[in-house]
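Visitor: I should like a close look at a single part of this model. Please choose one helix, describe how it is packed, and then follow its surroundings outward.

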Amino acid sequence: MISGKTIVAGVVGRPVAHSLSPLLHNAWLAAAGIDGVYVAFAPDAYGFERFADGMRGGAIRGVNVTVPFKEAALKVADRATPRAEAAGAANVLLFEPDGRTLADNTDGLGLLSAFAAQAPGWRADAGPVTVLGAGGAARGALAALLEHGTPRIFVINRTIRKADMLAEAMGSRVSALPFNHAAGVLRDATAVINATTVGLNDEGELPIPLSLTRETTVVMDMVYKPLETAFLRQARALGRPTVDGLEMLLGQARPAFEMFYGQPPLADVDARGLAMRALKS
Ligand code: ATR
């Protein structure tokens, strides 16, 4: 249904063709009978600013932003929510009718809603958390965990300098460690979160001995392609509760949908099933 009033939103990234967001948002639009559409944009690597400028004034309602433009999205915005500022990145841009651009970040909500859905007994404030990686995804996770009271976070990264810089930026509750010191912090972790790209497309393996964690330690992987990464497989073989990256993707998409189209997605759409089928094809 396309009319003179169709609300247009989308996702901007490069590459973007593999994004599951158009599938999810358009399924939610169709189910609710909303006069809206959700499309994908892939400006060239240096063309993000021009793209965002062109949308000012409400040519379209807004976009989700994905790799590699999340930091640039925060920079081009006139205003940003505190959670986008804390994450140092935006995954949502809204183009206000008055010409201003608002940046938000729902990745943290996505992370926490994924834990709530798949590891409902886990609490962010119950104890230390170990985060693997020091890029944008890790920073977003740190911001959400700190906001929700995690008392101590250990950031483990291959390039220790990047972990040090991130820890420095995020404050006294965050410490940096190299991978070969992970053993010392796994025992106390309430959760271990993979925010690196290791495991994407079944490439690479994380040198993290999950057998050192407690039976109750929740193991989370932001990578959702494949849905069961080698890391989650290791966790499940040990009987650890797990949380997958697809649930996080869904958890960031739902609040973004509401911002674009003015109402939350209907709960009776099997968005997870849709996405799983698309991942398999
Ligand atoms: P994102 O925005 O998704 O976080 P990124 O900023 O490119 O992406 O960060 C990728 C993360 O995955 C980094 O923490 C990176 O470690 P380095 O800082 O040492 O580069 C991590 N990563 C990527 N490939 C890795 C590998 N083979 N082994 C360990 N860590 C890896």
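Guide: The buried residues of helix α5 are Asp107, Gly108, Gly110, Leu111, Leu112, Ala114 and Phe115. The model in which they are seen is a predicted one. Helix α5 itself runs over residues 107-118, a stretch of 12 residues. From its first C-alpha to its last, α5 reaches 16 Å, close to the 16 Å expected at 1.5 Å a residue.

The buried residues of α5 pack against several elements of the fold. The helices among these partners are α3 (70-76), α6 (136-147) and α10. The strands that receive the buried residues of α5 are β10 (191-194), β11 (218-221) and β12 (242-244).

Of these partners, α10 can be followed in further detail. Helix α10 comprises residues 245-261, 17 residues in all. Its span from first to last C-alpha is 24 Å, close to the 24 Å expected at 1.5 Å a residue. Helix α10 is mostly covered, with 14 of its 17 residues buried. At the N-terminal end of α10, Asp244 acts as a cap: one of its side-chain oxygens lies 3.2 Å from the backbone nitrogen of Leu246. Just after α10 comes Gly262, which takes a positive phi of about 85°.

One residue of α10 links this description back to α5. Gln252 is found in helix α10. Gln252 counts as buried because its relative accessibility is 8%, under the 20% limit for that class. Beyond its neighbours within four places in sequence, Gln252 is in contact with Asn64, Asn91, Thr106, Asp107 and Gly110. Asp107 and Gly110, two of these contacts, are also listed among the buried residues of α5.

Another partner of α5, helix α6 (136-147), leads to the ligand. The residues surrounding the ligand include Gly136 and Ala137, together with Gly133, Ala134 and Gly135. Asn157, Arg158, Thr159, Lys162, Thr196, Thr197 and Val198 also belong to this surrounding group. By class, the shell holds three nonpolar, seven polar and two charged residues. Backbone atoms approach oxygen atoms of the ligand at several positions. A backbone N or O atom of Ala134 lies 2.9 Å from a ligand oxygen, and a polar backbone atom of Gly136 is 3.1 Å from an oxygen atom of the ligand. For Thr197, the distance between a backbone N or O atom and a ligand oxygen is 3.3 Å. The ligand taken alone exposes 640 Å², of which the protein buries 67%.

Terms used: Residues numbered from 1 in each chain as written. Predicted model: local features only at pLDDT ≥ 70, side-chain atom pairs only at ≥ 80, totals over all residues. Heavy atoms only, no water. Helix = DSSP H or I, 4+ residues; strand = E, 2+ residues; numbered from the N terminus. Expected span 1.5 Å × (residues − 1). Buried < 20%, exposed > 50% of the residue type's maximum accessible area, 1.4 Å probe, protein only. Polar contact = N/O pair within 3.5 Å; in protein donor to acceptor, adjacent residues only side chain to side chain. Near = heavy atom within 4 Å. Areas by Shrake-Rupley, 256 points an atom, 1.4 Å probe, with all protein chains shown as cover. Nonpolar A, V, L, I, M, F, W, Y, C, P; charged D, E, K, R; others polar. Contact = heavy atoms within 4.5 Å.
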